[in-house]
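Me: I have this structure open and would like to know what stands behind the words people use for it. Please take the terms one at a time and set the numbers against the cut-offs.

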Amino acid sequence: MHKRIAMFNHKGGVSKTTTTFHLGWMLASKGHRVVLVDADPQCNLSGLILGFKGETEFEKFYEAEGGNRNIRTGLAPAFESQPRAIEPVECVAVQGCDRLFLLPGHIRLSEYEVTLGIAQELSGSIQTLQNLPGSISYLLDVTANKYNADFVLVDMNPSLSSINQNLLMTSDFFIVPTSPDFFSVMAIESLSTVIPRWHTWAERARQNETLKSAAYPYPATNPKFIGSIIQKYRPRKGSATVGFQKWIDSINDRVANQLVKTLRPLGMVLPDNTYQAVPGLLPNYCLAQIADFNTLITKSQDHRTPVFALTDEQLGHVGTVLEGDRAKRQEFEGVFSNLAEQVETLTK
Ligand SMILES: Nc1ncnc2c1ncn2[C@@H]1O[C@H](COP(=O)(O)OP(=O)(O)OP(=O)(O)O)[C@@H](O)[C@H]1O
Ligand SMILES: [Mg+2]
(Lines give C-alpha, C1' and ligand atoms only; values in the text may rest on other atoms or scores of the structure.)
(Ligands and ions follow the chains in the order given, each with its own letter.)
Protein backbone atom coordinates (compact mmCIF):
# COMPACT_ATOMS: atom_id res chain seq x y z
CA MET A 1 0.00 0.00 0.00
CA HIS A 2 1.35 3.43 -0.92
CA LYS A 3 2.08 6.20 1.54
CA ARG A 4 0.79 9.67 0.90
CA ILE A 5 2.89 12.58 2.13
CA ALA A 6 1.61 16.17 2.05
CA MET A 7 4.05 19.07 1.74
CA PHE A 8 2.30 21.65 3.80
CA ASN A 9 2.92 25.18 4.98
CA HIS A 10 0.42 27.95 4.36
CA LYS A 11 3.35 30.31 4.00
CA GLY A 12 4.36 30.85 0.37
CA GLY A 13 7.77 30.41 -1.21
CA VAL A 14 9.22 28.01 1.36
CA SER A 15 10.24 25.46 -1.27
CA LYS A 16 7.27 23.10 -1.13
CA THR A 17 7.28 22.61 -4.88
CA THR A 18 11.06 22.38 -5.22
CA THR A 19 11.24 19.86 -2.38
CA THR A 20 8.39 17.76 -3.78
CA PHE A 21 10.21 17.51 -7.10
CA HIS A 22 13.66 16.81 -5.64
CA LEU A 23 12.49 14.34 -3.00
CA GLY A 24 10.20 12.53 -5.43
CA TRP A 25 13.01 12.16 -7.97
CA MET A 26 15.39 10.89 -5.29
CA LEU A 27 12.89 8.34 -3.96
CA ALA A 28 12.31 7.14 -7.53
CA SER A 29 16.03 6.83 -8.18
CA LYS A 30 16.25 4.66 -5.07
CA GLY A 31 13.83 2.23 -6.71
CA HIS A 32 10.44 3.43 -5.45
CA ARG A 33 7.49 4.19 -7.66
CA VAL A 34 6.40 7.75 -6.99
CA VAL A 35 3.42 9.87 -8.03
CA LEU A 36 3.79 13.64 -7.62
CA VAL A 37 0.46 15.41 -7.25
CA ASP A 38 0.17 19.06 -8.21
CA ALA A 39 -2.71 20.23 -6.03
CA ASP A 40 -1.79 23.90 -6.30
CA PRO A 41 -3.73 26.01 -8.86
CA GLN A 42 -0.50 27.98 -9.43
CA CYS A 43 0.65 24.74 -11.13
CA ASN A 44 4.33 25.44 -10.48
CA LEU A 45 5.16 21.76 -10.18
CA SER A 46 3.41 20.92 -13.45
CA GLY A 47 5.05 23.94 -15.09
CA LEU A 48 8.46 22.83 -13.88
CA ILE A 49 8.06 19.24 -15.06
CA LEU A 50 6.29 19.98 -18.35
CA GLY A 51 8.36 23.07 -19.14
CA PHE A 52 5.34 25.42 -19.27
CA LYS A 53 5.61 29.06 -18.37
CA GLY A 54 2.22 30.64 -18.95
CA GLU A 55 -1.50 29.99 -18.75
CA THR A 56 -1.78 29.68 -22.54
CA GLU A 57 0.49 26.66 -22.52
CA PHE A 58 -1.61 25.06 -19.80
CA GLU A 59 -4.86 25.77 -21.64
CA LYS A 60 -3.38 24.18 -24.78
CA PHE A 61 -2.24 21.19 -22.75
CA TYR A 62 -5.72 20.71 -21.22
CA GLU A 63 -7.39 20.98 -24.62
CA ALA A 64 -4.91 18.80 -26.50
CA GLU A 65 -4.66 16.07 -23.91
CA GLY A 66 -8.41 15.56 -23.46
CA GLY A 67 -9.52 12.60 -21.36
CA ASN A 68 -8.76 12.34 -17.70
CA ARG A 69 -5.32 13.87 -17.46
CA ASN A 70 -5.31 16.40 -14.65
CA ILE A 71 -6.59 16.83 -11.12
CA ARG A 72 -9.61 18.89 -12.13
CA THR A 73 -11.01 16.54 -14.76
CA GLY A 74 -10.23 13.74 -12.30
CA LEU A 75 -12.49 15.34 -9.71
CA ALA A 76 -15.16 16.61 -12.10
CA PRO A 77 -17.48 13.60 -11.66
CA ALA A 78 -17.90 14.50 -7.99
CA PHE A 79 -17.74 18.28 -8.18
CA GLU A 80 -19.84 18.71 -11.29
CA SER A 81 -22.26 15.89 -10.49
CA GLN A 82 -21.41 14.10 -13.70
CA PRO A 83 -23.07 10.72 -14.21
CA ARG A 84 -19.78 8.81 -14.16
CA ALA A 85 -17.47 7.59 -11.44
CA ILE A 86 -14.09 9.06 -10.53
CA GLU A 87 -11.41 7.21 -12.50
CA PRO A 88 -7.61 7.19 -12.09
CA VAL A 89 -5.86 10.09 -13.79
CA GLU A 90 -3.60 9.36 -16.75
CA CYS A 91 -0.33 10.69 -15.31
CA VAL A 92 2.69 12.07 -17.16
CA ALA A 93 5.90 10.02 -16.99
CA VAL A 94 8.54 12.46 -15.80
CA GLN A 95 11.30 12.87 -18.38
CA GLY A 96 14.69 11.61 -17.25
CA CYS A 97 13.53 9.64 -14.23
CA ASP A 98 12.09 6.14 -14.32
CA ARG A 99 9.27 5.33 -11.90
CA LEU A 100 8.36 9.01 -11.40
CA PHE A 101 4.93 10.26 -12.50
CA LEU A 102 3.11 13.58 -12.38
CA LEU A 103 -0.58 13.97 -11.74
CA PRO A 104 -0.85 17.41 -13.39
CA GLY A 105 -2.50 20.32 -11.65
CA HIS A 106 -5.16 22.63 -13.03
CA ILE A 107 -5.11 26.42 -12.99
CA ARG A 108 -8.85 26.44 -12.27
CA LEU A 109 -8.85 23.87 -9.47
CA SER A 110 -9.68 26.72 -7.10
CA GLU A 111 -13.17 26.86 -8.62
CA TYR A 112 -13.94 23.78 -6.51
CA GLU A 113 -12.79 25.50 -3.35
CA VAL A 114 -16.09 27.07 -2.32
CA THR A 115 -18.21 23.98 -2.90
CA LEU A 116 -15.76 21.84 -0.96
CA GLY A 117 -15.76 24.43 1.82
CA ILE A 118 -19.54 24.22 2.09
CA ALA A 119 -19.51 20.42 1.93
CA GLN A 120 -16.94 20.33 4.75
CA GLU A 121 -18.82 22.85 6.89
CA LEU A 122 -22.01 20.88 6.67
CA SER A 123 -20.24 17.54 7.08
CA GLY A 124 -22.72 15.46 5.23
CA SER A 125 -26.03 17.02 6.21
CA ILE A 126 -26.79 17.74 2.55
CA GLN A 127 -26.92 14.50 0.57
CA THR A 128 -25.81 16.00 -2.75
CA LEU A 129 -22.56 17.19 -1.18
CA GLN A 130 -21.76 13.99 0.70
CA ASN A 131 -19.37 12.67 -1.96
CA LEU A 132 -17.07 15.69 -1.93
CA PRO A 133 -15.05 15.40 1.31
CA GLY A 134 -13.78 11.91 0.37
CA SER A 135 -13.41 12.51 -3.36
CA ILE A 136 -9.90 14.00 -3.52
CA SER A 137 -8.48 11.21 -1.40
CA TYR A 138 -10.29 8.64 -3.53
CA LEU A 139 -8.88 10.14 -6.74
CA LEU A 140 -5.32 10.16 -5.37
CA ASP A 141 -5.64 6.57 -4.13
CA VAL A 142 -7.02 5.09 -7.34
CA THR A 143 -4.40 6.98 -9.36
CA ALA A 144 -1.61 5.78 -7.06
CA ASN A 145 -2.93 2.21 -7.39
CA LYS A 146 -2.97 2.46 -11.18
CA TYR A 147 0.74 3.36 -11.12
CA ASN A 148 1.51 0.85 -8.39
CA ALA A 149 3.01 3.70 -6.36
CA ASP A 150 5.00 3.34 -3.18
CA PHE A 151 4.88 7.06 -2.43
CA VAL A 152 2.51 9.87 -3.34
CA LEU A 153 3.87 13.36 -2.68
CA VAL A 154 1.32 16.16 -2.65
CA ASP A 155 2.43 19.69 -3.47
CA MET A 156 -0.05 22.09 -1.90
CA ASN A 157 -0.86 25.75 -2.38
CA PRO A 158 0.18 28.32 0.23
CA SER A 159 -3.11 28.85 2.05
CA LEU A 160 -5.50 27.55 4.67
CA SER A 161 -8.11 26.75 2.05
CA SER A 162 -10.70 23.98 2.23
CA ILE A 163 -8.74 21.98 -0.37
CA ASN A 164 -5.63 22.18 1.81
CA GLN A 165 -7.60 21.23 4.89
CA ASN A 166 -8.86 18.20 3.01
CA LEU A 167 -5.49 17.26 1.51
CA LEU A 168 -3.64 17.55 4.79
CA MET A 169 -6.20 15.72 6.92
CA THR A 170 -6.54 12.80 4.47
CA SER A 171 -2.78 12.26 4.06
CA ASP A 172 -0.85 9.57 5.89
CA PHE A 173 2.07 11.85 6.71
CA PHE A 174 3.11 15.47 6.33
CA ILE A 175 6.30 17.47 6.08
CA VAL A 176 6.46 21.19 6.85
CA PRO A 177 8.95 23.02 4.61
CA THR A 178 10.16 26.35 6.00
CA SER A 179 12.69 29.06 5.26
CA PRO A 180 14.92 30.64 7.89
CA ASP A 181 13.05 33.88 8.53
CA PHE A 182 10.59 35.58 10.83
CA PHE A 183 7.57 34.65 8.69
CA SER A 184 8.27 30.94 8.91
CA VAL A 185 8.48 31.20 12.69
CA MET A 186 5.07 32.91 12.67
CA ALA A 187 3.74 30.27 10.30
CA ILE A 188 4.68 27.44 12.69
CA GLU A 189 2.81 29.27 15.42
CA SER A 190 -0.33 29.65 13.37
CA LEU A 191 -0.19 26.01 12.20
CA SER A 192 -0.21 25.06 15.86
CA THR A 193 -3.60 26.78 16.12
CA VAL A 194 -5.07 25.76 12.78
CA ILE A 195 -4.23 22.05 12.69
CA PRO A 196 -6.12 21.25 15.94
CA ARG A 197 -9.24 22.87 14.44
CA TRP A 198 -8.85 20.81 11.29
CA HIS A 199 -8.30 17.71 13.42
CA THR A 200 -11.58 18.31 15.26
CA TRP A 201 -13.32 18.66 11.92
CA ALA A 202 -11.68 15.50 10.50
CA GLU A 203 -12.66 13.48 13.55
CA ARG A 204 -16.26 14.46 13.07
CA ALA A 205 -16.04 13.72 9.35
CA ARG A 206 -14.57 10.26 10.04
CA GLN A 207 -17.49 9.38 12.30
CA ASN A 208 -20.20 10.94 10.16
CA GLU A 209 -22.56 8.24 8.87
CA THR A 210 -23.47 10.14 5.69
CA LEU A 211 -19.81 10.68 4.79
CA LYS A 212 -19.01 7.06 5.62
CA SER A 213 -21.68 5.78 3.29
CA ALA A 214 -20.82 8.18 0.46
CA ALA A 215 -19.68 6.92 -2.96
CA TYR A 216 -16.26 8.26 -1.96
CA PRO A 217 -16.18 7.71 1.79
CA TYR A 218 -14.21 10.12 3.92
CA PRO A 219 -11.07 8.11 4.85
CA ALA A 220 -10.20 7.00 8.36
CA THR A 221 -6.71 8.51 8.38
CA ASN A 222 -5.07 10.69 11.00
CA PRO A 223 -1.94 12.22 9.43
CA LYS A 224 1.42 12.06 11.19
CA PHE A 225 3.99 14.85 11.22
CA ILE A 226 7.32 13.48 10.04
CA GLY A 227 9.41 16.62 10.30
CA SER A 228 10.33 20.06 9.02
CA ILE A 229 12.75 21.10 6.30
CA ILE A 230 14.67 24.37 6.40
CA GLN A 231 15.55 25.62 2.95
CA LYS A 232 17.66 28.21 1.26
CA TYR A 233 19.87 29.34 4.06
CA ARG A 234 23.13 30.86 2.85
CA PRO A 235 26.01 28.79 4.11
CA ARG A 236 29.47 30.05 4.84
CA LYS A 237 32.12 27.31 4.88
CA GLY A 238 29.45 24.63 5.04
CA SER A 239 27.23 25.92 7.85
CA ALA A 240 24.64 28.67 8.18
CA THR A 241 25.72 32.25 8.92
CA VAL A 242 24.86 33.75 12.30
CA GLY A 243 21.83 35.69 11.02
CA PHE A 244 20.24 32.58 9.52
CA GLN A 245 21.23 30.41 12.46
CA LYS A 246 19.07 32.56 14.72
CA TRP A 247 15.98 31.83 12.60
CA ILE A 248 16.89 28.17 12.23
CA ASP A 249 17.08 27.90 16.02
CA SER A 250 13.72 29.67 16.41
CA ILE A 251 12.05 27.38 13.88
CA ASN A 252 13.48 24.29 15.54
CA ASP A 253 12.31 25.57 18.90
CA ARG A 254 8.74 26.28 17.72
CA VAL A 255 8.48 22.96 15.94
CA ALA A 256 9.62 20.94 18.95
CA ASN A 257 8.06 23.00 21.71
CA GLN A 258 4.87 24.21 20.13
CA LEU A 259 3.87 22.29 17.00
CA VAL A 260 4.82 18.79 18.16
CA LYS A 261 3.41 19.42 21.62
CA THR A 262 0.12 20.46 20.04
CA LEU A 263 0.05 17.50 17.65
CA ARG A 264 0.97 14.81 20.19
CA PRO A 265 -2.36 14.64 22.08
CA LEU A 266 -4.15 14.62 18.72
CA GLY A 267 -2.32 11.43 17.73
CA MET A 268 -0.63 13.31 14.88
CA VAL A 269 2.97 12.39 15.71
CA LEU A 270 4.81 9.10 15.28
CA PRO A 271 5.91 6.94 18.21
CA ASP A 272 9.10 8.36 19.80
CA ASN A 273 11.16 5.33 18.85
CA THR A 274 10.39 5.90 15.16
CA TYR A 275 11.92 9.40 15.29
CA GLN A 276 14.76 7.99 17.38
CA ALA A 277 15.53 5.54 14.58
CA VAL A 278 16.70 8.49 12.47
CA PRO A 279 20.08 9.71 13.72
CA GLY A 280 20.12 13.42 14.51
CA LEU A 281 16.41 14.02 13.94
CA LEU A 282 15.61 14.69 17.58
CA PRO A 283 15.23 16.99 19.41
CA ASN A 284 14.38 19.34 16.53
CA TYR A 285 12.38 17.17 14.12
CA CYS A 286 14.32 18.88 11.32
CA LEU A 287 14.75 16.41 8.46
CA ALA A 288 17.13 18.56 6.42
CA GLN A 289 18.74 21.95 6.20
CA ILE A 290 19.18 22.72 2.56
CA ALA A 291 21.48 25.50 1.40
CA ASP A 292 20.75 27.91 -1.41
CA PHE A 293 21.22 26.14 -4.76
CA ASN A 294 22.59 29.42 -6.14
CA THR A 295 23.44 29.15 -9.85
CA LEU A 296 22.29 25.50 -9.99
CA ILE A 297 18.63 26.50 -9.55
CA THR A 298 18.36 28.06 -13.02
CA LYS A 299 20.07 25.05 -14.63
CA SER A 300 17.71 22.80 -12.72
CA GLN A 301 14.67 24.70 -14.00
CA ASP A 302 16.01 25.00 -17.56
CA HIS A 303 16.59 21.26 -17.74
CA ARG A 304 13.59 20.22 -15.63
CA THR A 305 15.99 18.17 -13.55
CA PRO A 306 16.84 18.32 -9.83
CA VAL A 307 20.16 19.99 -8.99
CA PHE A 308 21.68 16.68 -7.93
CA ALA A 309 20.80 14.97 -11.23
CA LEU A 310 22.16 17.59 -13.65
CA THR A 311 24.71 16.13 -16.06
CA ASP A 312 28.06 17.81 -16.74
CA GLU A 313 26.67 18.96 -20.10
CA GLN A 314 23.64 20.48 -18.39
CA LEU A 315 25.88 22.27 -15.91
CA GLY A 316 27.37 23.83 -19.02
CA HIS A 317 30.74 24.84 -17.67
CA VAL A 318 34.35 23.74 -18.03
CA GLY A 319 37.47 23.82 -15.91
CA THR A 320 37.36 25.01 -12.33
CA VAL A 321 33.79 26.30 -12.58
CA LEU A 322 32.65 22.82 -13.60
CA GLU A 323 34.67 21.37 -10.72
CA GLY A 324 32.86 23.71 -8.33
CA ASP A 325 29.46 22.77 -9.80
CA ARG A 326 30.27 19.08 -9.51
CA ALA A 327 31.15 19.49 -5.86
CA LYS A 328 27.84 21.32 -5.20
CA ARG A 329 25.93 18.68 -7.12
CA GLN A 330 27.48 15.97 -5.02
CA GLU A 331 26.74 17.84 -1.81
CA PHE A 332 23.05 18.23 -2.73
CA GLU A 333 22.89 14.61 -3.81
CA GLY A 334 24.01 13.68 -0.30
CA VAL A 335 21.44 16.00 1.30
CA PHE A 336 18.49 14.66 -0.72
CA SER A 337 19.64 11.05 -0.50
CA ASN A 338 19.73 11.41 3.25
CA LEU A 339 16.31 13.09 3.24
CA ALA A 340 14.84 10.27 1.16
CA GLU A 341 16.29 7.64 3.49
CA GLN A 342 14.80 9.41 6.49
CA VAL A 343 11.44 9.48 4.77
CA GLU A 344 11.72 5.75 4.06
CA THR A 345 12.45 5.04 7.73
CA LEU A 346 9.77 7.31 9.16
CA THR A 347 6.99 6.07 6.88
CA LYS A 348 7.69 2.35 7.27
N1 LIG B 1 17.34 25.58 -2.01
C2 LIG B 1 17.02 26.55 -2.89
N3 LIG B 1 17.96 27.36 -3.40
C4 LIG B 1 17.66 28.35 -4.27
N5 LIG B 1 16.42 28.62 -4.68
C6 LIG B 1 15.42 27.83 -4.21
C7 LIG B 1 15.67 26.77 -3.29
N8 LIG B 1 14.45 26.19 -3.00
C9 LIG B 1 13.55 26.88 -3.71
N10 LIG B 1 14.10 27.86 -4.43
C11 LIG B 1 13.44 28.86 -5.26
O12 LIG B 1 12.62 29.63 -4.39
C13 LIG B 1 11.37 29.93 -5.00
C14 LIG B 1 10.24 29.35 -4.16
O15 LIG B 1 10.35 27.94 -4.16
P16 LIG B 1 9.08 27.02 -4.40
O17 LIG B 1 8.31 27.46 -5.57
O18 LIG B 1 9.55 25.61 -4.37
O19 LIG B 1 8.29 27.36 -3.06
P20 LIG B 1 6.78 27.00 -2.68
O21 LIG B 1 6.73 26.86 -1.21
O22 LIG B 1 6.31 25.88 -3.50
O23 LIG B 1 6.04 28.34 -3.14
P24 LIG B 1 4.44 28.54 -3.19
O25 LIG B 1 4.03 28.72 -1.77
O26 LIG B 1 4.24 29.77 -4.02
O27 LIG B 1 3.86 27.32 -3.81
C28 LIG B 1 11.44 29.33 -6.40
O29 LIG B 1 11.83 30.33 -7.31
C30 LIG B 1 12.49 28.26 -6.29
O31 LIG B 1 13.15 28.06 -7.52
MG1 LIG C 1 4.68 25.78 -4.75
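Reply: His22, Leu23, Met26 and Leu27 of helix H1 meet Phe336, Ser337, Leu339, Ala340 and Val343 of helix H14. Meeting here is contact, that is, C-beta atoms placed from the backbone and lying within 7 Å. The model is predicted, so local features need pLDDT of at least 70 and side-chain atom pairs count only at pLDDT 80 or more, while totals for chains, interfaces and linings use all residues. Residues are numbered from 1 along each chain as its sequence is written, with chains lettered from A and ligands numbered from 1 in the order in which they are written.

Me: What makes H1 roughly perpendicular to H14?

Reply: The axes of H1 and H14 (residues 319-346) come within 9 Å and cross at roughly 75°. That crossing makes H1 roughly perpendicular to H14, because 65 to 115 degrees counts as roughly perpendicular, with under 35 roughly parallel, over 145 roughly antiparallel and the rest oblique. The axes are lines fitted to C-alpha atoms, for helices over the stretch in contact, and angles run from 0 to 180 degrees between N-to-C directions. The helices themselves are DSSP runs (H or I, at least four residues), as strands are (E, at least two), numbered from the N terminus.

Me: How is the contact of H1 with H14 divided by class?

Reply: It has seven nonpolar, two polar and no charged residues. Ala, Val, Leu, Ile, Met, Phe, Trp, Tyr, Cys and Pro count as nonpolar, Asp, Glu, Lys and Arg as charged, and the others, Gly among them, as polar.

Me: Which strands are called the edges of the open sheet, and what makes them edges?

Reply: The sheet has eight strands in the order E3-E4-E2-E5-E1-E6-E7-E10, with mixed pairing. Strand E3 (92-93) and strand E10 (286-291) each pair on one side only, and these are the edges. Pairing asks for at least two bridges found by DSSP between two strands.

Me: How do you know that E1 pairs with E5 and with E6?

Reply: Five bridges join E1 to E5 (residues 151-155), in parallel, and three join E1 to E6 (residues 173-178), also in parallel. Both counts meet the requirement, so both are pairs. For example, Ile5 is bridged to Leu153 in E5, and Ala6 stands opposite Phe174 in E6. E1 (residues 3-7) is mostly covered, with four of its five residues buried.

Me: What pairs with E2, and where does H1 sit?

Reply: E2 (residues 34-38) and E4 (residues 100-103) pair in the parallel sense over four bridges, and Val34 has Leu100 as its bridge partner in E4. H1 packs on the sheet, touching E1, E2, E4, E5, E6 and E7, and its direction makes about 165° with that of E5.

Me: Why is Pro219 called buried?

Reply: Pro219 has 21 other C-beta atoms within 10 Å, and so it is buried: the cut-off is 20 or more, with 12 or fewer for exposed and partly exposed in between. Pro219 lies in the loop between helix H9 (209-212) and E7 and touches Gly134, Ser137 and Thr170, leaving aside residues up to four places away in sequence.

Me: What of Cys43 and Arg304: buried or exposed?

Reply: Cys43 has 27 such neighbours, so it is buried, while Arg304 has 16, so it is partly exposed. Each also has a positive phi in a residue other than glycine, near 55° for Cys43 and near 50° for Arg304. Cys43 lies in the loop between E2 and helix H2 (44-50), and Arg304 in the loop between helix H12 (296-303) and helix H13 (312-315).

Me: Why is helix H3 said to lie largely in the open?

Reply: One of the eleven residues of H3 (residues 55-65) is buried, so the helix lies largely in the open. Just after H3, Gly66 takes a positive phi of about 60°.

Me: Which residues count as surrounding ligand 1?

Reply: There are 17, the closest being Gly12, Lys16, Thr17, Thr18 and Pro158; being near means a C-beta atom, placed from the backbone, within 6 Å. By class, they are five nonpolar, eight polar and four charged. H1 gives the largest share, three residues.

Definitions and conventions. Contact = placed C-beta atoms within 7 Å.
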